[in-house]
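This report concerns one pocket and the salt bridges of the structure shown below.

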Amino acid sequence: MEHTRLTLFAGHYGSGKTNIAVNYAMLLAEEGKKVCIADLDIVNPYFRTKDSEEELTEKGITLISPRYANTNVDLPALPAESYRLVQDKSIYGVIDIGGDDRGAYALGRFSEAIKAEDNYRMAFVINRFRPLTSTVEDTVEIMREIEAAAGIRFNCIVNNSNIGTETTADTVLESVKFAEELSLATGLPIWLHTVEKDIAKEISGIPILPLKLQKKYFDLPD
């Protein structure tokens, strides 16, 4: 799998972007890369990258998360070390962006530096089974809202369509057509289809990123 220095994951609530970001960071670390993962989601108080901090640390991955993440403080702020993502070219940065246009505003302070370096992948994560992204038209509208807030255009699609614990290989394969229609409507290529690692063994013929489901993944919205 080809990697860019920076990989950004964004999508609507319930898309599963945080779980994907954690898994992708671990994949990079397993390949021997120096990895830093940043949680720029200052809106969503539920499923956070910080929930996987212990496992990330064990793999040598540096975590940058909002101050007061996983506490009862309502408005966490991005720490100054977030700028390391764009300043330190020796690391592979993985960025988990907030789940709507409000959350995407946090990326705005880095957007010009990211575009100037031009070594990034901005992935739009979709779950076609979520109510607000069940049609191509609604999904495109949300995508454009996130782009406008973030100051960066998406350049690929990640299809993470699932129905939680009821997901099967057929569920994933049935969602491929939706992802292809979204690709056609936006002109963006499909980078990956993602699925829990045991189900991934049943699927061939499409680019798959097997996922180890992080704790709380099926309990609370992302």
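The second largest pocket has a volume of about 150 Å³; a pocket is an open set of points on a 1 Å grid over the protein atoms alone, where a 1.4 Å probe fits, with protein on both sides within 12 Å along at least five of seven lines. The model is predicted: local features need pLDDT of at least 70 and side-chain atom pairs count only at pLDDT 80 or more, while totals for chains, interfaces and linings use all residues. Residues are numbered from 1 along each chain as its sequence is written, and side-chain values use heavy atoms, without hydrogens and water.

Among the residues lining this pocket (an atom within 4 Å of a point) are Asn23, Met26, Lys197 and Pro210. Helix 1 (17-30) supplies the largest share, four residues. By class, the lining has five nonpolar, one polar and three charged residues.

Ten salt bridges are counted, each a side-chain nitrogen of Lys or Arg within 4 Å of a carboxyl oxygen of Asp or Glu. Three of them are listed here.

| Salt bridge | Closest N to O distance |
|---|---|
| Glutamate 117 and arginine 5 | 2.5 Å |
| Glutamate 147 and arginine 153 | 3.0 Å |
| Lysine 201 and aspartate 198 | 3.6 Å |

Salt bridges with shared partners join Arg144, Glu147 and Arg153 into one network. Glutamate 117 lies in helix 5 (residues 108-117) and arginine 5 in the segment before strand 1 (6-11), so their pair ties together parts 112 residues apart in sequence. Arginine 5 is buried at 5% relative accessible area (buried means under 20%, exposed over 50%, partly exposed in between; 1.4 Å probe, protein chains only), whereas glutamate 117 is partly exposed at 24%.

How values were computed: Grid points are joined across faces, edges and corners, and a volume is the space filled by probe spheres set on the points. Helices (H or I, at least four residues) and strands (E, at least two) are DSSP runs, numbered from the N terminus. Ala, Val, Leu, Ile, Met, Phe, Trp, Tyr, Cys and Pro count as nonpolar, Asp, Glu, Lys and Arg as charged, and the others, Gly among them, as polar.
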